[in-house]
Amino acid sequence: MARKRIGILTGGGDVPGLNSVIKEVVFRGTECDCEIVGIRRGWEGLTHLNADDLESQQHYILPLSRANTRTIDRYGGTILHSSRTNPLKMRKLPDFLQGLAPQNGGTWDLTPQVLGNLERLKLDYLVAIGGDDTLSYAAHLDSLGAKVVAIPKTMDNDVRNTEYCIGFSTAITRAMDAIQRQRTTIGSHERVGIFRIFGRDAGFTALYTAYVTNIRCCIPEYKVNLEKLIDLLMTEKRSTPSNYVLVVLSEGAQWEGYTVQEYGDPDAFGHRHKASIGEALAMEIRKRTGEECIVSDLTYDLRSGEPDFADKLIASTFGNIAMDAVLQGKSGVMAALVHGCYTLAPMPDPKLGHRTVDVETMYNCHRYRPNYANKLGLPVFLTKA
């Protein structure tokens, strides 16, 4: 078998478990006489790399070996670093490409630059680790004939064709721990505890956090009635001996009459920051009931630190599944969990968008809680790809 040269990159937000994937690709690859090349800063590493400039190469390319990846799985984040770069719609060119005429209404499609760098780096395969945005461009490269294998990661767990994305379990573990710790303060002051959590368009993170902490939740897939939500919270608060109540909100959740507030410039894929829905709900509760609230933003803490058991296990396995695909000459596929089993799935079609919560089976629309019934026969993460 001819020696293969494999590139690997991480795009979008970091999550615990990325380094475990990188290490497994390196260790498995070197066992099979493959050379592994780390591409730093996600897709920026392929749009901004000037292959003729040594300084640029050192900035964006990191040869990976057993020696420099031996201990990386003990830590969170990604040793390759990351960025939110969309090569199809670049708003700014690197200095050495200045002078190219813009397309797409003032932006640049740097796909020719990406394909050129894949060729200059002599990469036979690219392993792309990311969420919907990162993998949408990976699918674009695959459609152009580049050999790409994908690995899904996102705390939102909303990538299609898989029941699990790296980072999800650790996010729930972190959220569960934070909520359990804050019960003492919220209970001592007899307040309403409101927790804001990741989930721009899909409510998996809020829903599963509520599932394991037994509290109410609001998710983007279902617009709740504000008066009913507040009545449910106040009834629960006043009927418990400790006189406090908790609720967790996806950042993209809504109620009737409320529109998600955004601020700041959009990122490379058109997403803007969302104002805290937790503060908005707290204001409504105070105005309508006089009750005091404690609002906690759990977002970025959920992606920090080392992975938990599930993420480390699945990340390591996904890395090996990706290498299986490379060694078998497959492309356009993604490591995945389907029906609770490891498999290779088709890379998601970007036109279909993200995966969302099945409200009918997973969410109790009357009590604004997870639905705990009828789980017999479902895979361990309770929803099918």
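**Exercise 1. Positive phi**

State in which loop Asn161 is found, and describe its phi and its accessibility.

*Solution.*
Step 1. Asn161 is found in the loop between β5 (148-152) and α7; helices (DSSP H or I, at least four residues) and strands (E, at least two) are numbered from the N terminus. The model is predicted, so local features need pLDDT of at least 70 and side-chain atom pairs count only at pLDDT 80 or more, whereas totals for chains, interfaces and linings use all residues. Residues are numbered from 1 along each chain as its sequence is written, and side-chain values use heavy atoms, with hydrogens and water left out.
Step 2. The phi of Asn161 is near 75°, a positive value in a residue other than glycine.
Step 3. With a relative accessibility of 27%, Asn161 counts as partly exposed (buried is under 20% relative accessible area, exposed over 50%, partly exposed in between, with a 1.4 Å probe and protein chains only).
Step 4. For comparison, most residues other than glycine have a negative phi.

**Exercise 2. Two further positive phi values**

Place His81 with respect to the helices, and identify what phi is taken by Asn214.

*Solution.*
Step 1. His81 belongs to the loop between α4 (66-69) and α5.
Step 2. Its phi is positive, about 60°, although His81 is not a glycine.
Step 3. His81 has a relative accessible area of 37% and is therefore partly exposed.
Step 4. Asn214, just after α8, takes a positive phi of about 60°.

**Exercise 3. Helix α8 and Thr209**

Describe how far α8 is covered, and give the surroundings of Thr209.

*Solution.*
Step 1. Helix α8 spans residues 204-213 and contains Thr209.
Step 2. Eight of the 10 residues of α8 are buried, so that the helix is mostly covered. They are Phe204, Thr205, Ala206, Leu207, Tyr208, Thr209, Ala210 and Thr213.
Step 3. Thr209 has a relative accessible area of 0% and is therefore buried.
Step 4. A polar atom of the Thr209 side chain lies 2.7 Å from the backbone oxygen of Thr205.
Step 5. Apart from neighbours within four places in sequence, Thr209 is in contact (heavy atoms within 4.5 Å) with Ile172, Ala175, Ile179 and Ile197.

**Exercise 4. Arg216**

Decide whether Arg216 is buried or exposed, and find which backbone oxygen its side chain reaches.

*Solution.*
Step 1. Arg216 is found in strand β7, residues 216-218.
Step 2. At a relative accessible area of 6%, Arg216 is buried.
Step 3. The side chain of Arg216 reaches the backbone oxygen of Arg367 at 2.6 Å.
Step 4. Leaving aside neighbours within four places in sequence, the contacts of Arg216 include Leu232, Leu233, Glu236, Tyr368 and Arg369.

**Exercise 5. Helices α1 and α11**

Characterise the packing of α1 against α11 by angle and axis distance, then list the contact residues.

*Solution.*
Step 1. Helix α1 (residues 18-31) and helix α11 (residues 309-327) pack at about 40°, with axes 8 Å apart. This makes α1 oblique to α11 (under 35 degrees is roughly parallel, over 145 roughly antiparallel, 65 to 115 roughly perpendicular, the rest oblique). Axes are lines fitted to C-alpha atoms, for helices over the stretch in contact, and angles run from 0 to 180 degrees between N-to-C directions.
Step 2. From α1, the contact is made by Ser20, Val21, Glu24, Val25, Arg28 and Gly29. From α11, it is made by Lys312, Ala315, Ser316, Gly319, Asn320, Met323, Asp324 and Leu327.
Step 3. By class, the contact of α1 with α11 has five nonpolar, five polar and four charged residues (Ala, Val, Leu, Ile, Met, Phe, Trp, Tyr, Cys and Pro count as nonpolar, Asp, Glu, Lys and Arg as charged, the others, Gly among them, as polar).

**Exercise 6. Two further helix pairs**

Describe the packing of α5 with α6 and of α9 with α10.

*Solution.*
Step 1. Helices α5 (residues 111-120) and α6 (residues 132-143) pack at about 70°, with axes 12 Å apart. They are therefore roughly perpendicular to each other.
Step 2. Thr111, Val114, Leu115 and Leu118 of α5 make the contact with Tyr137, His140 and Leu141 of α6. The residues of this contact divide into five nonpolar, two polar and no charged.
Step 3. Helices α9 (residues 226-239) and α10 (residues 277-289) pack at about 75°, with axes 11 Å apart. That makes α9 roughly perpendicular to α10.
Step 4. Leu226, Glu227, Leu229, Ile230, Leu233 and Met234 in α9 meet Leu281, Glu284, Ile285, Arg288 and Thr289 in α10. The contact of α9 with α10 has seven nonpolar, one polar and three charged residues.

Key:
Polar contact = N/O pair within 3.5 Å; in protein donor to acceptor, adjacent residues only side chain to side chain.
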